[in-house]
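Me: Please take me through the bonds and charged pairs of this structure, one question at a time.

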Amino acid sequence: MTTSVSNSGGKLAPSLKALIDQALSRKDLSEWDRSALEKAAKAGSISQADYEEGMNLFGACMEAAGYKFTKTTLLNGVIEYQPVDGSSTEDAAVAAEAKAQFDCYSSTGMATQEIYRMQQANPDLLADFPQAAVNCLKKAGVVRDDFTKEQFKESVGMGESKGKDLKPLFDVMSNKAQTCLYSLGFTIYIEGK
């Protein structure tokens, strides 16, 4: 996430409107991003239509750069692009793809995409992303109400067992869990799933 944390009690911003205004103050926005964010500032949120348009522009940019992706719309409307099977794992190829992704996001709607994901999965705008994930998972009914941030960290490999075999305390690959996790920037891969 390229937005900065405000001094509003561990939040990205005191409100979604403030987060949008914060993004609008950036000098590096694409024309499309600035236009979409100006509409969002007036409306108070980013529309699904504007978000989808930005993601389609990103997808077209990546395709023009020679990359093929599978597009999935998650339960909360967030769109996930994943490389097709057989993508190269060589360092140079991975670096080239990462550069293409950054260039495409920058030239289309990076800020709009980031804010939309927060709007959908982190409505409290918490800067503590593990806690935001726990809140999202609870709201989606994936975990019990007594599920803690420490349990989440252990389940996704951020806790004391970091680097060891994951033993998640919830089905990290379920649609509901993936919707929360991907929207908040967590990528979890369980071999064989």
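The questions below concern the disulfides and salt bridges of this predicted model.

Me: How many disulfides does the structure hold, and which pattern do they follow?
Reply: A disulfide joins Cys61 to Cys104. Cys136 and Cys180 form a disulfide as well. The structure thus holds 2 disulfides, and with bonded cysteines counted along the chain, their pattern is 1-2, 3-4.

Me: How many residues apart are Cys61 and Cys104, and in which helices do they lie?
Reply: The sulfur atoms of Cys61 and Cys104 are joined at 2.1 Å. Cys61 belongs to helix H3 (residues 48–64) and Cys104 to helix H4 (residues 91–107). The disulfide links distant parts of the chain, and the separation is 43 residues.

Me: Is Cys104 buried or exposed?
Reply: A residue counts as buried when its relative accessible area is under 20%. Cys61, at 23% relative accessibility, is partly exposed. Cys104 has a relative accessible area of 2%, so the term for Cys104 is buried.

Me: Is the link of Cys136 and Cys180 left-handed or right-handed?
Reply: The sulfur atoms of Cys136 and Cys180 are 2.1 Å apart. Cys136 lies in helix H6 (residues 129–139) and Cys180 in helix H8 (residues 175–183), so the pair ties together parts 44 residues apart in sequence. Both cysteines, Cys136 and Cys180, are buried. About the S-S bond the value is -80°, and the link is left-handed.

Me: Which residue forms a salt bridge with Lys39?
Reply: Side chains of opposite charge can pair when their charged atoms come close. For Lys39 in helix H2 (residues 31–43), the partner lies 11 residues apart in helix H3. Lys39 is partly exposed at 46%, whereas the partner is buried at 9% relative accessibility. The closest N and O atoms are 3.0 Å apart, and the partner is Asp50.

Me: What separates Lys99 and Asp103 along helix H4?
Reply: Lys99 and Asp103 form a salt bridge, with the closest N and O atoms 2.7 Å apart. Lys99 is exposed, with a relative accessible area of 52%, and Asp103 is partly exposed at 36%. The two residues are 4 residues apart in helix H4, so their separation is about one helical turn.

Me: In which helix do Asp21 and Lys17 both lie?
Reply: The side chains of Asp21 and Lys17 meet in a salt bridge of 2.9 Å, N to O. Asp21 is partly exposed at 34% relative accessibility, and Lys17 is partly exposed at 36%. They are 4 residues apart, about one turn of the helix, and both lie in helix H1 (residues 16–24).

Technical notes
Residues are numbered from 1 along each chain as its sequence is written. This is a predicted model: local features need pLDDT of at least 70, side-chain atom pairs count only at pLDDT 80 or more; totals for chains, interfaces and linings use all residues. Side-chain values use heavy atoms; hydrogens and water are left out. A disulfide is a pair of cysteine sulfur atoms within 2.5 Å. Buried means under 20% relative accessible area, exposed over 50%, partly exposed in between (1.4 Å probe, protein chains only). A salt bridge is a side-chain nitrogen of Lys or Arg within 4 Å of a carboxyl oxygen of Asp or Glu.
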